[in-house]
Amino acid sequence: MARLTLLVNGRSHSVEVAPETPLLWVLRDTLGLTGTKFGCGQALCGACTVLVDGEAVRSCQLPAREAAGRRVTTIEGLSPEGDHPLQKAWIAGEVPQCGYCQSGQIMQAAALLEKNPHPSDADIDEAMRGNLCRCGTYGRIRRAIHAASGGRP
Amino acid sequence: MTAPGKLSRREFLGVSAGGAAGLWLAVNLPPSAAEAAAPAGLSPDAWLRVEPSGVVTVFLAKSEMGQGTFTGMAVLVAEELEADWKSVRVVQADADAKRFGQMSTGGSRSVRGLFDPLRTAGAAAREMLVSAAAKRWKVDRATCRAEQGSVVHAPTGRRLGYGALATAAAREPVPRDPPLKDPSRWRLIGTRVPRLDGPDKVRGTARFGLDVRVPGLRFAAVARPPVVGGKVARFDAAKARAVAGVRHVVEVPSGVAVVADSTWAALQGREALAVTFEPGPNGALDSAALTKALAEAPPQKPARREGDVDAALAAAARRLEGTYELPLLAHATMEPMNATADVRRGRAELWLPTQAPTWAQADVAKALGLPLDRVKVHVTFLGGGFGRRAIPDFAVEAALVSRAVKAPVQVVWTREDDMRHDLYRPAARNELRAGLDAGGRLVAWHHRVRTPSISQQLFGTPQRWGDHPDVLESAIAFPYAAGAVQVEAAIPEVGVRVGWWRSVYASQNAFPEECFMDELAAAAGKDPLAFRLEHLPEGSRLRGALVLAAERAGWGKPLPAGRGRGLACHSSFGSHVAEVAEVSVVDGRVRVHRVVAAVDLGVALNPDSVEHQVEGAVVYGLSAALRGEITLAKGAVVQGNFDDYEPLRIDEVPEVEVHIVPSREAPGGIGEPGLPPIAPAVANAVFALTGKRIRRLPIGSLSGAA
């Protein structure tokens, strides 16, 4: 066990965890930030996506010690009032069904728009293909990303 | 899931004499068709409450797994209540069979079953509120009307909010048969009411099963035998306990549980167990043995027989035969199975992402030896259901682990646990024979369905829901005019757990049916659409959907080079769906570019939700059709994660267009009916493009196709 300092959603947290523990479980089980989801544990589905220093990262694969001292943003911290343009576009486009994958989808899309404010369909394919959705909301995800970027509806 | 769910239109309403202020109303429903034989009393299925504050609370006895029931059920109440939609709240009901009857969500039954009862509940409450207002004003109640959460006295313009009237209204007699609004006056039904659960689902605040946190919660992982009927042989508890954070290692009937302070510690502890298993009687089962069991099962007496198929075949100008095979499939919900249980001091409390709360409650009570009223089951949001969460195995296991360690425990299934301990969509072999006359008209149709019975495995009889085996669901309703028709089942017992998978047997039976129809069309030298229309009764709803889909897809119009088009149609769960798929093939891999669906589901409660469900069903069905397959080796499931059981990704899905046939018919289901046509539509499109027939799913690489 080790004491680590994690900077999550602008707040500093001192946690006592096994340093190899994936960030996902520290977020969920230690800090109670359950918006970040467990889907596969192998970086195959993207449900656990968070931002680390602005980059989309699969938190199920990132040991907590490697996250220490870096800026971690989860779905809870994406926007102060839950009104990030993507969140608004997700609501307007009625994207979620079961909703379980959507935290990861939104965080992945947020990283995309940071780098590429007006992504093409091909850009969206490339950025989002690591995020699975079993409800089949992909078409709406695509439209919501375009809408949030001010692109075609 | 396959229960027809035909609920009687007779509802009975009663007002609760509870001490709380406000108006309570229970909708009493006859039990679902599955229980109709029992002489049970009438049991309520949903409640609404009008608070003195004016807030209308709808108690939801259905599980929200993505299908939009959370919003849809509230709309039904609010429509007739003339509630102000902004004052409507939905509260998920705990398991309570006394109040709600058997609570289960599946079979695309929610809207179908509750369309009349919930509207009637809202209407009764509205009438009582109007009566209370008329009394207060001492005016003729005929001069009062309800609108937007208030009762208005038309001649004077006086107005009283529902909150102010609620307590007085509760003393009014409950109307037995309150009038329902004419559909022309619907304000909410048929409109795109935004989902009430949307905001929480984009902010990470919706609580799924895995998000349950209670004081003192421990996390557990269970090592389970990989083979059905297997047993734990050896494990090293000391090694698991040596992992930091591990608290307990306990054996439960389903395996060995490692209980820890965090999920990660539990998983590490389970690794350290080095558990081994005795495979048991199914240790030699593999996919080849399963295929053999399907082929060798003795056929039963035909469940549908019209005319003499053998004679009609003998007399036919042209005879065709085809064998179609489908694999086992996992559900692979995005949220893996899990359950949170707190069993202490002779009580149990559980938090479950379940489609069957009262079944879970009953099974947990039985496993713990507790009376039902000592077992409380809360229902969370479900991170996907698709039928998997209708079976409460995960609940019972968590309760037993919690009891063993005397602490609240969340049992977390990893993706591999979930995929290897599913109840799989059964594998199937379908044998079809048909005959055409000299004019290319169908004169004989014989469909033999060879597949395990879910109902047999779960309830000991394949005829749980009627006079034919569950496996013939939808095959028995072959919709085309064919002269002689024979449909029968051959049901093997297999050492693999089977369960309800989105659209259940319709997912299996539509594929052979609609592919073989395509083969017959080709044999008759006819266009696949024209051939179907020739055999579908004029005015049938399936025919209407087929015509609409074909028209919107531009059936018959030229396609770009390298593209092919195919269609299929199927009725299931009270709805009628046709789909046209447009495909290409690159390096032997099929790509689906566009799917045009037309659906006649009667009244579309929420058109956006209908479109969303069909879009989702198409993608779910396509993942299966193109590459979904669970295989067995040495009795165990081979696949484990999304690398070897990989659903379609965003860059692989088609544009899906959904067209709704305008209708005032009673609503059909919509969670499932969009799925059955997609596999045959794609297979038929592949034939149109390549001339190759797909007779086995998944389609995979075309090099192996016939």
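Visitor: Which helix gives the most to the lining of the largest cavity?
Guide: That's H17(B), with five residues. A residue counts as lining if it has an atom within 4 Å of a cavity point. Bear in mind that this is a predicted model: local features need pLDDT of at least 70 and side-chain atom pairs pLDDT 80 or more, while totals for chains, interfaces and linings use all residues. As for labels, residues are numbered from 1 along each chain as its sequence is written, chains are lettered from A and ligands numbered from 1 in the order written, and side-chain values use heavy atoms, with hydrogens and water left out.

Visitor: What makes a space a cavity?
Guide: Put a 1 Å grid over the protein atoms alone: a cavity is a set of points where a 1.4 Å probe fits but cannot get out. Points are joined across faces, edges and corners, and the volume is the space filled by probe spheres set on them. Seven cavities of 30 Å³ or more turn up that way, and the largest holds about 590 Å³. Its lining has 44 residues, with Gln67(B), Gly68(B), Gln613(B), Ile670(B) and Gly671(B) closest to the centre. In chain B, helices H1 (69-81), H3 (110-137) and H17 (607-627) each give two or more residues to that lining. A helix here is a DSSP run of H or I with at least four residues, numbered from the N terminus.

Visitor: How do the linings of the two cavities divide into nonpolar, polar and charged?
Guide: The largest cavity has 14 nonpolar, 22 polar and eight charged residues; the second largest has 12 nonpolar, three polar and one charged. Nonpolar covers Ala, Val, Leu, Ile, Met, Phe, Trp, Tyr, Cys and Pro, charged covers Asp, Glu, Lys and Arg, and the rest are polar, so Gly counts as polar. The second largest cavity comes to about 110 Å³, and its 16 lining residues include Arg425(B) and Ala624(B), two of those nearest its centre.

Visitor: Why is Cys135(A) in no disulfide?
Guide: A disulfide needs two cysteine sulfur atoms within 2.5 Å, and the count over all chains is zero. For Cys135(A), the nearest cysteine sulfur is that of Cys98(A), 3.8 Å away, so the pair misses the cut-off. Cys515(B) misses it too: the sulfur of Cys569(B), its nearest, is 12 Å away.

Visitor: Why is Cys135(A) called buried?
Guide: Buried means under 20% relative accessible area, by a 1.4 Å probe on the protein chains only. Cys135(A) has 4%, so the label fits. With 3%, Cys515(B) is buried as well.

Visitor: What makes S6(B) and S7(B) a pair?
Guide: Strands are DSSP runs of E with at least two residues, and two of them pair if DSSP finds at least two bridges between them. S6(B) and S7(B) share four bridges, so they qualify, and they run antiparallel. One of the bridges links Ala146(B) with Val151(B). The open sheet has the order S6-S7-S8 in chain B.

Visitor: What makes S14 and S15 of chain B edge strands?
Guide: Their sheet is open and mixed, in the order S14-S22-S21-S20-S15 (chain B). Each of the two, S14 (304-306) and S15 (318-326), pairs on one side only. S15(B) meets S20(B) over nine antiparallel bridges, so it clears the minimum of two, and Glu321(B) stands opposite Arg433(B) in S20(B).

Key
On a 1 Å grid over the protein atoms alone, a cavity is a set of points where a 1.4 Å probe fits but cannot get out, and a pocket is an open set with protein on both sides within 12 Å along at least five of seven lines; lining residues have an atom within 4 Å of a point. Buried means under 20% relative accessible area, exposed over 50%, partly exposed in between (1.4 Å probe, protein chains only).
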